[in-house]
Amino acid sequence: MAELLRSPTGIAGTVLLSIVIAMAALGPFIAPYDPQTFHPIARLQGPSWAHLLGTDQFGRDILSRLLDGAPSTISFGLGATLLGVAAGSFIGVVAGVAGGAVDSVIMRLVDGLLAIPDLLFTLLIVTILGGGTGYAMLAVAVAFTPGMARISRSAVLSVRTRDYVLAAQARGESWGWIVGFEVLPNALSPIIVEATIRVAFAIMIGATLGFLGLGAQPPSTEWGLMVAEARQFMFRNPWMVAVPGIAIALAALGFNLFGDALRDALDPRGRR
Amino acid sequence: MATNDAPVLRIDGYGLSYQTRSGPVRALSDISLNISHGRTLGLVGESGSGKSSMAYSVMRYLAPNAREDGGRILLEGEDLRTLSPAAIARIRGRRAAMVFQDPSTSLNPAMTLGDQITEVLERHRGLDRPAARAEGEAALARTGILRPADMMRRYPHQASGGEKQRVVIATAFACQPALIVFDEPTTALDTITAQGILELFRILQTETGVSALYISHDLALVSRVADDVAVIHDGRIVETGAPGEIFSAPRNTYTKALIAAVPRPDRWMGVPPPAVDAVPVLAADRIGVLYGAPSRLAQRLGIKGRPHWGARNVSLSVRPGELLGIVGESGSGKSTIAKVLAGLIDFGGGVSFEGRDFRKRKDFDSAYRRAVQIVFQHPDASLNPRQTIGRILARPLIIYGLAPRAERPARVRALLERVRLPAEFAERYPHQLSGGEKQRVAIARAFAAEPELVICDEITAALDVSVQASVAELLMDLQRETGTACLFITHDLNLVRQLAHRIAVMQDGLLVDIFDRNGAEDPDRAQYTRALLDAVPKPAGVKPPTPFEATL
Amino acid sequence: MTLGYLVRRFGAVLLVLAIVTFAVFAVTMLLPGNAAIMILGEYGSDDQIAALEKQLNLNRPWWEQYASWVGGALQGDFGMSLRLSLPVTEVVLPALANSAALAAVALLAVTLIAIPLGAYAALHRGKPADLIIGLFAYIGASMPEFVTATLLLVIFAGPGREFLPAGGFVAPGESIIGFLSHVALPATALGLVLMAHISRQVRSEMSDVLASDFVRAARLKGLTERRVVWRHALPNSLAPAIAVISLDIGYLLGGIIVVEEIFAWPGLGRLLIYALENRDLPVIQAVTLLLAMVYALSNLLSDIVIAAFDPRVRYG
């Protein structure tokens, strides 16, 4: 952990991430106003002391809506990534450990699925399953699965031929022990790094789905949906799109920076 | 040769340190060296001694965090430290050139070998393209490359290691420099190839009268190449002198220890030999391993791979308490045999062990796997970084049921003591140990299983000379205590002749020779064995220096 | 370049496409709702629905539907659009051309800007220029296209400062200026993420190459810095850069969906959204297959270009 805080990237990532997590955990409780309350006399306003980040077309407080939307936006990214990483790692580890024909068949399938762009894949799945946050999360997870499978497989393969794994095989250890105690613990760090960076990506896709009307539904305060609803009024009050838009970018930035710093800290070659 | 007394390279009171997070670290202190015209100075040291820092300081190629602490570096009387970067760039490659350790990484993979020579000629001698090409071919021809024009058109991956190193040397000599810095130029090469390179260096040096700074960790090799030797330790020159003097009468304590650690074929370290008529503990019968064989599916689809024999028809046996050495160059199949006997790869033929026969990998059961243990080359890779030393050492005790739970900590402590490591190491993780300590743990793990046979696959190759000697001694002590047989795989002929009762020689997957340790000089040795024995540099003072024989 | 290598790579592309057709077909089979009911609306009679189902082959087993779809697709026949009453090909091809124009502009700009930017950062590691480029790259990589696009609209196409059109399309054949002014904002929105990503990759590749033994050897041969960079370092960092660009095309093809929707650009992305909203199966299938094909072919193309840079592959 100390290694993480040594680079400017690590410090910035950790700080941003802490803010984002704090917003997700506490946002709804520290919001100054109710996010759905109309203030008809204060519509489409810029920042003021009463409304720090301005108000929307109904006079709702943008800061409060932002804070209220943080949990759903962030948990979407975390949830989708967690599901996708779990499924993808499982497939990748099975392929990497089994090797041979099983590996070939799985990896050809994965290659085929990787040839469909992520967002397109997600859109197709959302269309099958129907819109809404839960399904959208599932769709992103499914779209992440082949990529995670490929990465975890290569992590497993790079560990599988290390001498300590060979030593375990020569000793006559069981498969379960070799996979569980020799291979997996050492293959974990590239998977964790990739997962962290993918949270950023999942937040971005989740917001995009919200924006396209395929994710969270009104009156949710999910940030992508906030941008979509604000588009009509964006020329009259740019704050309406800028605030949630930049919030999405900062959340993603936090995970991106943190993931990169994590990679550097875990990289045995040290400074890169 | 030395007609001109003014030194070509003179280093005077030079010091260097590196700025790190925990403050400055001294790399070189008060170094003073002289190399006169046509002479070779061998700079010998172990890893971390500062020998490479010295080489790169001469070439004025310093790390960004390097700080020089005074002194002068004079090339033909000119202080390189006072020159501008542009002036240095004009000197590099023209008046001072460099030959690197690994030709496979020091050549640009995306450029033809010819372009990599001619660019130097164009830059420093102002030749135009055709003239540079003609001169480049001539330079290659001088290094003994048979079809230089053809070699000019090749890319690095299309040439062998020896050919690539010849190209690098041709490039270094191309502008007739006054000084060439050699940074371990043969370490990455096979013994016989390395000998050819050393011989080439001698010839070219005689022809051109170049002076050389020859950096190496290998005292035996340097004593063959250099006119003067300087031993460097912790960034200080601890002793200088003629190679013969240093070997026969070292004055400094570090040099003494270093020389004592250099493997010498005439100094026996091993255990007493087993009875000649003893029943072998393990016998391998016509072992064959085919790599890259197409799978059944691929065969059906008519896909042909390019299979090659990792080992072919290899038969050998090990007697109880014996140490059988297997030598060979990289790719000779010696590690393949180790993997077969450790039950790591599929094989043809058979293995018999204590009267039981094993025909395929799956046959090796827990009893066999306990009795036959393996130790690998790289201590960094052979211990799981996420397990403590204690856990690593307890594992064999657990799976072979050798000690009940309550006794295990005591057994682990005893194992650590036997390999002369403190008992507290049980709590540590591998990365907290040095390379030599890790290798001791790996050896302890093998002996924890109370084996009948231990396979040592190049276990000293990744270690420094002094550490190497102590690991070899440890192995001998353990063999003496336990009577375990040992299969010692190495490329170091000098070392194996100190330890092994019998030596097997492998080449291209075949076992080409096997002989008793006293039979090394017999006239009926296989031709390849002879060539290997001749190519190994023996430490000065072992025997009168034999002149290099042309083996091209 | 060896012919065998090309044949093998092409074979791999075909295999990938076969898997894609199957995946796309499976996905569309699973779509909720009966296409016949959708076309005829809730009030079509049972007879009408049955007749249409027969016409659309919906009552045949799935593998026959798959075979007839793939068979048709191989001949360039993707059937009729369910909503537009036009052959799918006639709908898809013009959209493909429009999307290609947008993607090409974005990709060209990205390549021309990102590679020099990354190389420059690597050559000035740790200097302010490197840090600024790095910061820009991180921010760029964290902005979803719809946010960039919306912010660009607010800044460049708002009332009172209409520097550029807020949407729409002019064919380059019609007016090159019109095309460029319309393509500027969508291409920027599309390219920003890629530019960030590619410049970071080029920087890291180039840093690795600059730290390599052969670059050190080139410096110690006394070559000029210019030659070291241009002749030794750059060619060896380009191949990995191209690999990254070709992989990023997948991302670009996803981004195009959102960007076209926001800027009303009549391309494949907009068509896809329309088709998805209207459950227009043949169009969805055709567009998805086309996008996957573009992606697979661009990867193949990048392999060929890489082989041209790297003799190890060329003579492998």
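**Strands, a bent helix and a chain contact**

In chain B, strand β12 (residues 282–291) and strand β15 (residues 348–353) pair in the antiparallel sense over five bridges. This description rests on a predicted model, which scores ipTM 0.84 and pTM 0.82.

**Strand pairing in chain B**
- Within the pairing of β12(B) and β15(B), the bridge partner of B:Ala283 is B:Ser352, which lies in β15(B).
- Strand β12 of chain B is also joined by seven bridges to strand β13 (residues 308–318) of chain B, and these two strands run antiparallel.
- In that pairing, B:Ile287 has B:Val314 of β13(B) as its bridge partner.

**Helix α7 of chain A**
- Helix α7 (residues 175–211) of chain A has 37 residues and spans only 47 Å between its end C-alpha atoms, whereas a straight helix of that many residues would span 54 Å at 1.5 Å a residue.
- The helix α7(A) bends by about 50° at A:Leu184, and a proline, A:Pro185, follows within four residues.
- After α7(A) comes A:Gly213, whose phi is positive, near 85°.

**Where chain B touches chain A**
- On this contact, 17 residues of chain B meet 14 residues of chain A.
- The elements of chain B that give two or more residues to this side are α14 (366–371), α15 (379–382) and α16 (389–399).
- Sorted by class, the side of chain B that touches chain A has ten nonpolar, five polar and two charged residues.

**Confidence in chain C**
- Chain C averages a pLDDT of 83, and 91% of its residues score at least 70.
- Confidence in chain C is highest in helix α9 (residues 213–220), at a mean of 94, and lowest in helix α2 (residues 35–40), at a mean of 64.
- Where pLDDT is low, the predicted coordinates should not be read in detail.

Key
Residues are numbered from 1 along each chain as its sequence is written. Chains are lettered from A and ligands numbered from 1 in the order in which they are written. This is a predicted model: local features need pLDDT of at least 70, side-chain atom pairs count only at pLDDT 80 or more; totals for chains, interfaces and linings use all residues. Two residues are in contact if their C-beta atoms, placed from the backbone, lie within 7 Å. Ala, Val, Leu, Ile, Met, Phe, Trp, Tyr, Cys and Pro count as nonpolar, Asp, Glu, Lys and Arg as charged, and the others, Gly among them, as polar. pLDDT is the predictor's confidence in each residue, from 0 to 100. The expected span of a helix is 1.5 Å times one less than its number of residues. The bend at a residue is the angle between axes fitted to the seven residues ending there and the seven starting there. Two strands pair if DSSP finds at least two bridges between them.
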